[in-house]
Amino acid sequence: MSEKRPLDIVVISDVHLGIYGCHARELVQYLDSIDPKILVLNGDIIDIWQFSKRYFPKAHTKVIRRILKMTGKGTEVYYLTGNHDEALRKFAGFGLGNLTIDNKLILEVDGKRHWFFHGDVYDVTMKNSKWLAKLGGKGYDLLIIINRLVNNLLERFGKEKMSFSKKVKHGVKQAVKFISDFEQVVAEIAIDKEFDVVCCGHIHQPIIKEMEHNGKSVTYLNSGDWVESLTSLEYTNGQWSLYQYPVSKTRVTLPEEEEDPSVMPWEDISKVISFPQQ
C-alpha cells in the first residue's frame, strides 16, 4: 500500500451509512490513503432516518472501524451531528479519548477563526416541515438507486455516467435558489459572528468560495457528500482544497479485515493533538 498523505485537517460529511447510495468502499480506500491530525465528520455520517437492520453491509461497518482506528493512532476526530443523525445530538459535548461528539466546532487555524457545523439548522424546510424533508429524503434515495442501476448499464456499454439528481438540482429553479439562499444565509451569519471561514455539509454541493456581506467577506466551504460527489475538504500548508475520489470503471474491492486490537478498548485511546495556533 502506498504511503499515506499527511494532512492537517480533513472534513467529510453526508456519508449516509446505511443507505444503498452510500459509496462506502470508496470512502474506506480514501481513509486508508490519508493521515490527518484532525478529522471533522460534519454530519449525516450514519443515516439514522433510513437505518434498517436489513441493510448495513461490511463496507459500511469498515468505514466506522477505519475512523475508530484513526482515533487510536492519534487523529483527533470530531463527530458533528446533522439532521439524518440528529438522534446523537443528545450526546453533544461527549468526549472519549480522541473522539468528541458535538453540534458545532470552532477552531483557530493559522490565525483564522473557523466555524464547522452541518448546516441543517439554517434550512427552512428542515425547521418547519421535517416530515416533508424526510419524505423528500426517501424519494432522493430511490432516485440514487435507479441512477446507480442505469450507470452500471452505461459502464457495460462504455458510456459516460450521469447524475439524475444533479440534473434535477440544476434544472429546477427552486433547487438552484435554495442552494444559493442557503450559502448566503450561512455566509451572512458567519460574517456577523466574525468568523473568517465557515464550513458546512447538508446540501451535497462541494465548493470553496469567497462570499461578501456588508462590505466584509468570509470563506465558505462545503465538503459535499459520499453519495454522488465523493468529495472531502483538505487543509495543508495553510490552504484549503477540495478532494474528489477519482472516477473508475473498476469495482472497488476491499481486503478481508481481521479484528484490530488497536481500535478497542476506548480507555486505551488517550493521545490529544493540539493543532498549531498563531
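Is Ile64 buried, partly exposed or exposed? Select Ile64 and check: the residue is partly exposed, with a relative accessible area of 30%. For the cut-offs, buried is under 20% relative accessible area, exposed is over 50%, and partly exposed is in between (1.4 Å probe, protein chains only).

Before you go on, know that this is a predicted model: local features need pLDDT of at least 70 and side-chain atom pairs count only at pLDDT 80 or more, while totals for chains, interfaces and linings use all residues. Residues are numbered from 1 along each chain as its sequence is written, and side-chain values use heavy atoms, with hydrogens and water left out.

**Stop 1: around Ile64**

Ile64 belongs to helix H2; helices (H or I, at least four residues) and strands (E, at least two) are DSSP runs, numbered from the N terminus. Now show what touches Ile64: leaving aside neighbours within four places in sequence, Ile64 is in contact with Leu17, Ile46 and Phe56. Contact here means heavy atoms within 4.5 Å. Then pick the C-alpha atoms of Ile64 and Ala24: they are 40 residues apart along the chain and separated by 9.9 Å.

**Stop 2: helix H1**

Ala24 takes you into H1, where Ala24, Glu26, Leu27, Val28, Tyr30, Leu31 and Asp32 are buried. That makes seven of the nine residues of H1 (residues 24-32), so the helix is largely enclosed by the rest of the structure. To see what covers these buried residues, turn on strands S1 (5-12), S2 (34-42), S11 (231-236) and S12 (239-244) along with helix H2 (58-72), which are among the covering elements.

**Stop 3: the aromatic rings**

Keep Tyr30 selected and add Trp226, Tyr243 and Tyr245: these four form one aromatic cluster. Rings of Phe, Tyr and Trp (its six-membered ring) pair if their centres lie within 6.5 Å; planes under 30 degrees apart count as stacked, over 60 as edge-to-face and the rest as tilted. The structure holds seven such aromatic pairs.

One of them is Trp115 with Phe195, stacked at 5.0 Å centre to centre with 15 degrees between the planes. Trp115 lies in strand S7 (residues 112-117) and Phe195 in the loop between helix H6 (173-192) and strand S8 (197-200), so the pair ties together parts that are 80 residues apart in sequence. Both Trp115 and Phe195 are buried.

Back in the cluster, the rings of Trp226 and Tyr245 have centres 6.3 Å apart and planes at 65 degrees, so this pair is edge-to-face. Both Trp226 and Tyr245 are buried.
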